[in-house]
Amino acid sequence: MATTDTLTNTQWVMACFTDDIPDNGGACVKLGDEQIAIFNFKRRDEWFATQNLCPHKQQMVLSRGMIGSTGDDCDPKVACPFHKKTFSLLTGECLSGDDYQIKTYPVKVTEGKVYIGIA
Amino acid sequence: MSKPTVIVIGNGMVGYKFCEKLISRSNAYNIIVFGEEPRHAYDRVHLSEYFSGKSADDLSMSTLSWYTDNDITLFLNDPIQDINRVQKTVHSSKGITLGYDYLVLATGSSAFVPDIPGVEKEGVFVYRTIEDLELIKTYAANAKVGAVMGGGLLGLEAAKAVLDLGIPQAHVIEFAPRLMPRQIDSMGSSMLQSKLKSLGLNILLNKSTQCITGDHKITGLQFNDDSVLPVDMLVISAGIRPRDELAKLAGLHVGTRGGIVVNEKMQTSDEHIFAIGECALFDGMIYGLVAPGYEMADVVAAYLTEADKSFKSFDMSTKLKLIGVDVASFGDAFITEPDCRTIIFEDTHKGVYKRINISTDGKYLLGGILIGDADAYNMLLQTVNNKLVLPPSPEDLLLGARGGAESDGGAGVMSLPDDALICSCEAVTKGAICDAVNNQDITTVDGMKKCTKAGTGCGGCVPMVKDLITGTMKANGLYVKNVICEHFDHSRQELLDLIRINKIKHYDEVLDHYGRGDGCEVCKPVVASILSGLWNDLIVKQDVIQDSNDRYLANIQKGGTYSVVPRIPGGEITPDKLIVIGQVAKKYNLYTKITGGQRIDLFGAHMNDLPQIWEELIDAGFESGHAYGKSLRTVKSCVGSTWCRFGLHDSVSFAIEIEERYKGIRSPHKLKGGVSGCIRECAEAQAKDFGIIATEKGWNLYVCGNGGSKPQHAQLLAADIDSETCIKYLDRFLMFYIKTADPLTRTATWLNKMDGGMSYLKNVVINDSLGINQQLEEDIQGLIDTYHCEWKEVVENPELRKRFNHFVNAPEEKDPNVQFAPMRDQIKAREW
């Protein structure tokens, strides 16, 4: 199921179908041993993917968090359902003032399929 | 060229204050002070505290080194005996002769001792200096009965001292028909009298003392009416007499009844000599309070530094705590009808008397008297002094805004004009205090005292200073408008109205119409709660705007598993249903625990298992318990009259009826109820958002209680009502809460923040003061009629069930990260 982008050497792995992920929400996919949270930011027509693990209390839950935006530039973010730590969906930086950093992945959607880019 | 010399005669409070004022204005003078007492200036106003534990040092106005630090030469224990006005010199009793450019007489006053035969006897004292107090203290050790002559302000201060000394029997003797004749009226006096009596002071009014009996030691007092009062000690505190003898000797103009005559610059008949404080006679009046004395000191300091300041007649309003009783008198306290209208409040039970005099047109406050409770003094005085227009019901000034409204001290003070005098001892205005907050970052009363000296005199203005500090900080501080989050400039209530009026059903529409950006984890659940509270649609239809618990209809727990709570209304459950819970728990390896709300919580469910677990529970007749929602949790009950020998009514049946009625309704925060079958209150209903307790005649309905971190008892909304009325009031109460509370605000906090508090709520719910009760009842009926068990809908809908898969690309697999540890034959979540 994987294709490779020769220019950036990114390997695109098919994760799921677009309708697996609720509009303006997230869900979790399993890629190998990894859990990846995929977000369908329908309102912005954008897709994002991050690690599913919230680094705060090591919980596999980010996919169940609410997404939204913050600031004048409407930076997209996700909030962990446990303690509402928020993370940038673009950079993975923790926006609630802690020193956490989560992994983010590029997402490509074609023909109803969602691909995650693995470097 | 050497500095001109100012000599100050007298080192009392006012003499000291003059030095302080002068050096704060200029260092152009060489200051020399002569004091008669062995101590440097101390606080005579709080003299009686010397007996209640304060030392002479505590009472000092400053340290001794303060004088040297400020280059002030201080001669103590050395009264000036003679002033040579021609050579401009003074001569002291120790033989010092010094020249002056300016002379300030701050000689104060002495106790007025009436001309009664026997005042020279042993055991008769005056009350004026620390030395007097020490003499009294020594003598009091052997005294059984003490009396104070004088029922004025100073007399009562002395009486406190006598009480503090532990003299078993104490009397106060006053010549006038009432206590404190210069400050309070006869009604106030009788209230004060009964308060003092309860503290052990016997008050004798209308008593003119004829002589003091005893050989060389006092044994009693004989009055004009021939009655005799046996006492073995007498403290005379019947008034003051200005110390003008030095001035008289120097040929200065003095009043016929004493006092050194001064003009509005405090100049005596010799332009180089000033008189300030209690020795000065201004406009035919001696000012026997410290605040006008300080003002006089400042007038002279101003004159010497070429600043323009005059003494004007001074406000003699005063507030004191006399022997623990508040006494205040302000403005024109004695004006009577028809020149004014008088409002009087008297509570003999609590010992409170309040009188205010208002102008005949009802617009302005002229003055008044407060006994027993003088909290309102500062504001009332400001109302007089600043001619603030009175509210339509001026009695509110005495009684507070009734109807349970919380007093709004801060706002009242903030409405004063900038030049309103807050601290009259130190002449500090509201403007100066606010300025210190604004420009010098003063945020505490102590800081304010250092910065402006406000509150350092009598201390009476300290509460007002505090209010001004907080009021100014509030006005400056980041004013937090009550909006939901960065995406909506509305409060929850405003947004609810907009959504209701425009019949909006979806979050995205709400955001498009009234918000900006893409929303967030704050506004999404708020809007979800509003939509639910208005339309009661199935919440899983918009699952991505729900908080995690509402999204998955279960409570997320440590480790990422969920807990399951089926509804057990009123805590009543059949054995068969208990068995099903046991079977389900066993099958899915769940930890079980009884909750505080009389139901059973099943912990450790994998998200994938939730639909299957619920399918089995629903098959057995269970419904969702909404433990995950901001909604009604449980209505706890005691067993009630069906079994309990004390029970008055069937509390279980009523609890079930109520729980069934409101189940599933979404609200700003969770709701808990309780029903107790009698006053023993086994259901702890008063700790709930609503609590119902059986009475002989019906039910008492309590609302807005809370357990949790800030426990608060519920308050009585209605008493002895029947079940139907109880439900009607509950309908209105709950819907009013749902519509008006801020997000995540429990009923207790909602009530605490409500203007008018419980009386307002009662008015709305019972008297329909807003005219909305019909609407509230219809709205909640709409929610009741559209109830659905969310889990039933999910269980029956394969599309909805799919959302409970942990991996969308591997639906059969559970989260491998979920792990448990064993504990007491069950499981627990792994520590994080």
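A nonpolar core is a set of buried Ala, Val, Leu, Ile, Met, Phe, Trp, Tyr and Cys residues joined through C-beta atoms within 7 Å; buried requires 20 or more other C-beta atoms within 10 Å of the residue's own, with C-beta atoms placed from the backbone. The model is predicted, with local features needing pLDDT of at least 70 and side-chain atom pairs pLDDT 80 or more, while totals for chains, interfaces and linings use all residues. Residues are numbered from 1 along each chain as its sequence is written, and chains are lettered from A in the order in which they are written.

Select first Ile38(A), Phe39(A), Val527(B) and Leu610(B): within the largest nonpolar core, of 82 residues, they touch the most other members. Next, display helix α17 of chain B (residues 523-535; a DSSP run of H or I, at least four residues), which gives this core the most, 7 residues. A second, separate core has 75 residues, among them Ile7(B) and Val299(B).

Turn then to the boundary between the chains, where 29 residues of chain A are in contact (C-beta atoms, placed from the backbone, within 7 Å) with 23 of chain B. On the side of chain A, strand β3(A) (DSSP E, at least two residues) gives the most, with 5 residues.

Finally, select α12 (430-440) and α13 (445-452) of chain B, which pack at about 105° with axes 11 Å apart. The axes are lines fitted to C-alpha atoms over the stretch in contact, and angles run from 0 to 180 degrees between N-to-C directions. The helices are therefore roughly perpendicular (65 to 115 degrees).

Key
Angles under 35 degrees count as roughly parallel, over 145 as roughly antiparallel, 65 to 115 as roughly perpendicular and the rest as oblique. Two residues are in contact if their C-beta atoms, placed from the backbone, lie within 7 Å. A residue is buried if 20 or more other C-beta atoms lie within 10 Å of its own, exposed if 12 or fewer, and partly exposed in between; C-beta atoms are placed from the backbone.
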